[in-house]
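Please open the structure in a viewer and keep the sequence panel visible. The tour below moves from the whole chain to one strand and then to an enclosed space.

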Amino acid sequence: MSGNFIITVGRQYGSGGREIGEKLAERLGYDYYDAVLLERASRGSGLSEEVITRYDEKIADKWFNASLGMVGASEHHKLPLHLRAAFVQFEEIRKIGQRGRAVIVGRCADRILKERDNLLTVFIHADMQPRIERVAARNDISEAEAKKRIRNTDKNRASYYSYYTDAEWGDAENYHLCIDSGIFGIDGAVSILESAVKARE
């Protein structure tokens, strides 16, 4: 069992970031949050899980000025639906951050929790071809369709990140560690991260 850290995992689509996050959480004995975060965020928010999922890591109005600290939780009901869906997730991430011992994938968690001393921020990336092969095999689609899906998903994630933060998605300066899963593999990336956590203790 390792210390009371929070590890946030940003990831390119098809890089295996979600799987890396899951395996790391299991190895450390930490809680893991990805899709389950959507369900937690919907409880008591007045929004259904379906609505939160619809806007998950997507923006609906690029001309609306948004930021992580824009409004307090008590004012969420005044926001457009896509902002309410995002901010209830952000509030849930803050609660998780207070408890610690967690791996959180995506959803601007690295910026939401950036002031915490027990934070380790990670970005998982890989060359396009291994990502294409992973996405095509996982979804039983052609490589051409997989490449298109990768580009669209990464574009959405980058837009979402810049929309709600003051930082650029995937920029190495914004993370403590950037790992190429195409070189190190899933298990290799997990081992690197486990060592990084131990080095912080």
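## The chain as a whole

In the protein chain, 71% of the contacts with a separation of 6 or more are between residues 24 or more positions apart. The coordinates under view are those of a predicted model.

Begin with the entire chain in cartoon representation. Eight helices and five strands make up its secondary structure, and along the sequence these elements follow the pattern β-α-β-α-α-α-β-α-β-α-α-β-α. Next, display the surface. The protein chain exposes about 9900 Å², of which carbon and sulfur atoms supply 45%. Of its 201 residues, 50% count as buried.

## Strand 1

Select residues 6-11, which form strand 1. Are the residues of this strand buried or exposed? Six of the six are buried, so that the strand is mostly covered, given that buried denotes under 20% relative accessible area.

Now show the side chains and view the strand edge-on. In a regular strand, side chains alternate between the two faces of the sheet. In strand 1, Ile6, Thr8 and Gly10 lie on one side, and Ile7, Val9 and Arg11 lie on the other; both faces are covered.

## The neighbours of strand 1

Add residues 102-105, strand 3, to the selection. Strands 1 and 3 run parallel and are joined by four bridges. To locate the pairing, centre on Ile6, whose bridge partner in strand 3 is Ala102.

Then add residues 119-125, strand 4. Which way does strand 4 run relative to strand 1, and how many bridges join the two? The two strands run parallel, with six bridges between them. Centre on Arg11 to find Ile124 of strand 4 standing opposite.

## The enclosed space

Finally, turn on a cavity display. Rolling a probe the size of a water molecule over the atoms shows where empty space is left. A search of the whole structure finds one cavity of 30 Å³ or more. The volume of the largest cavity is about 120 Å³. Select Gly106, Arg107, Cys108, Tyr161 and Trp169: of the 15 lining residues, these are the closest to the centre of the largest cavity.

Which element gives the most to this lining? Strand 1 does, with four residues. Helix 5 (109-112) and helix 7 (143-164), like strand 1, each supply at least two residues. Colouring the lining of the largest cavity by residue class separates seven nonpolar, three polar and five charged residues.

Note on methods:
Residues are numbered from 1 along each chain as its sequence is written. This is a predicted model: local features need pLDDT of at least 70, side-chain atom pairs count only at pLDDT 80 or more; totals for chains, interfaces and linings use all residues. Side-chain values use heavy atoms; hydrogens and water are left out. Buried means under 20% relative accessible area, exposed over 50%, partly exposed in between (1.4 Å probe, protein chains only). Two strands pair if DSSP finds at least two bridges between them. Contact means heavy atoms within 4.5 Å. Accessible areas come from the Shrake-Rupley method with a 1.4 Å probe; for residues, only the protein chains shown count as cover. On a 1 Å grid over the protein atoms alone, a cavity is a set of points where a 1.4 Å probe fits but cannot get out, and a pocket is an open set with protein on both sides within 12 Å along at least five of seven lines; lining residues have an atom within 4 Å of a point. Grid points are joined across faces, edges and corners, and a volume is the space filled by probe spheres set on the points. Ala, Val, Leu, Ile, Met, Phe, Trp, Tyr, Cys and Pro count as nonpolar, Asp, Glu, Lys and Arg as charged, and the others, Gly among them, as polar.
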